[in-house]
Amino acid sequence: VSTQSTWELEEQQVAKWEGWTQDVAHVAKARVEYAATVEVAEAHQAALAALLNDCNSCDSLVKAFGFLFDSLTDIISEMADNVSAEGDTLALEEQNRYLAIFRRFYMDVNDLQFKKQKRLEEADRAMRNAEYQIAVSSETLDPNLKLYREQTKELRVRKVELAD
């Protein structure tokens with residue numbers, strides 16, 4: 001074998017060796033890049049898992065608040081209906097109470113008017129009786145004539161007081 005061939009063989013060997021070292025370096029670089037990619041992917045996966053957990057928590061809270069708002073809406077609607085019905089009932093009771101008071105006052109006023117009318121009629125009758133006694137006593141010379149005249153004056157004053 002000639003020197004040239006040895007040289008060629010050595011160069012081929014060196015080229016192979018450099019090719020292998022480049023391949024090893026390339027593989028090592030690929031492993032580092034792969035490890036970095038895996039690390040970034042795991043970080044993203046952890047972040048996505050945390051986001052999923054937060055979404056599940058928010059979903060359960062939204063459902064709980066939804067149920068709470070629905071039940072509160074029902075309760076408030078029922079309370080509003082009850083307040084309205086209760087207000088109507090109270091208004092009707094108050095109106096009935098006012099009507100009863102008005103009826104009582106109206107009956108009292110009518111009763112007082114009736115009593116006033118009766119007293120005026122009694123005063124008129126007593127005045128007529130006293131005037132009759134005055135007319136009869138002047139003819140019969142009754143000593144109570146002065147008494148009858150005083151009674152007539154008192155009855156006129158009483159009648160004026162009753163009329164007012």
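What span should the 138 residues of H1 have at 1.5 Å a residue, and how far apart are its end C-alpha atoms? Keep that question in mind while selecting residues 3-140, which form helix H1, in what is a predicted model. At 1.5 Å a residue the helix should span 206 Å, and its end C-alpha atoms are 198 Å apart, which agrees.

Begin the walk along H1 at Gln-13, which lies in this helix. With a relative accessibility of 51%, Gln-13 counts as exposed, because the cut-off for that class is over 50%. If you then draw a distance from the C-alpha atom of Gln-13 to that of Thr-140, which is 127 residues further along the chain, the viewer should give a separation of 184 Å.

Next, select Ala-85, which also has its place in helix H1. Ala-85 has 41% relative accessibility and therefore counts as partly exposed. From Ala-85 to Ser-60 there are 25 residues in sequence and 37 Å in space, taken from C-alpha to C-alpha.

Thr-89, the next stop, is found in helix H1 as well, and its relative accessible area of 42% makes this residue partly exposed. A second distance can be drawn here, since the C-alpha atoms of Thr-89 and Phe-114 are separated by 37 Å, with their positions 25 residues apart along the chain.

Now select Leu-120, Ala-123, Met-127, Ala-130, Ile-134 and Ser-137 together, all of which are buried residues of H1. An α-helix has 3.6 residues a turn, so residues three or four places apart point the same way. To see part of what covers the buried residues of H1, add helix H2 to the selection.

Helix H2 comprises residues 145-163, and the axes of H1 and H2 come within 9 Å of each other, crossing at roughly 160°. Because that angle is over 145 degrees, H1 is roughly antiparallel to H2. The crossing of the two helices, H1 and H2, is left-handed. Colouring the contact of H1 with H2 by residue class would show 11 nonpolar, five polar and seven charged residues.

Finish at Leu-141, the residue that follows H1, and inspect its backbone: the phi angle of Leu-141 is positive, near 60°.

Key: Residues numbered from 1 in each chain as written. Predicted model: local features only at pLDDT ≥ 70, side-chain atom pairs only at ≥ 80, totals over all residues. Heavy atoms only, no water. Axes fitted to C-alpha atoms, helices over the stretch in contact; angles between N-to-C directions. Helix = DSSP H or I, 4+ residues; strand = E, 2+ residues; numbered from the N terminus. Parallel < 35°, antiparallel > 145°, perpendicular 65-115°, else oblique. Left-handed = near helix turned anticlockwise from the far one by under 90°. Nonpolar A, V, L, I, M, F, W, Y, C, P; charged D, E, K, R; others polar. Expected span 1.5 Å × (residues − 1). Buried < 20%, exposed > 50% of the residue type's maximum accessible area, 1.4 Å probe, protein only. Contact = heavy atoms within 4.5 Å.
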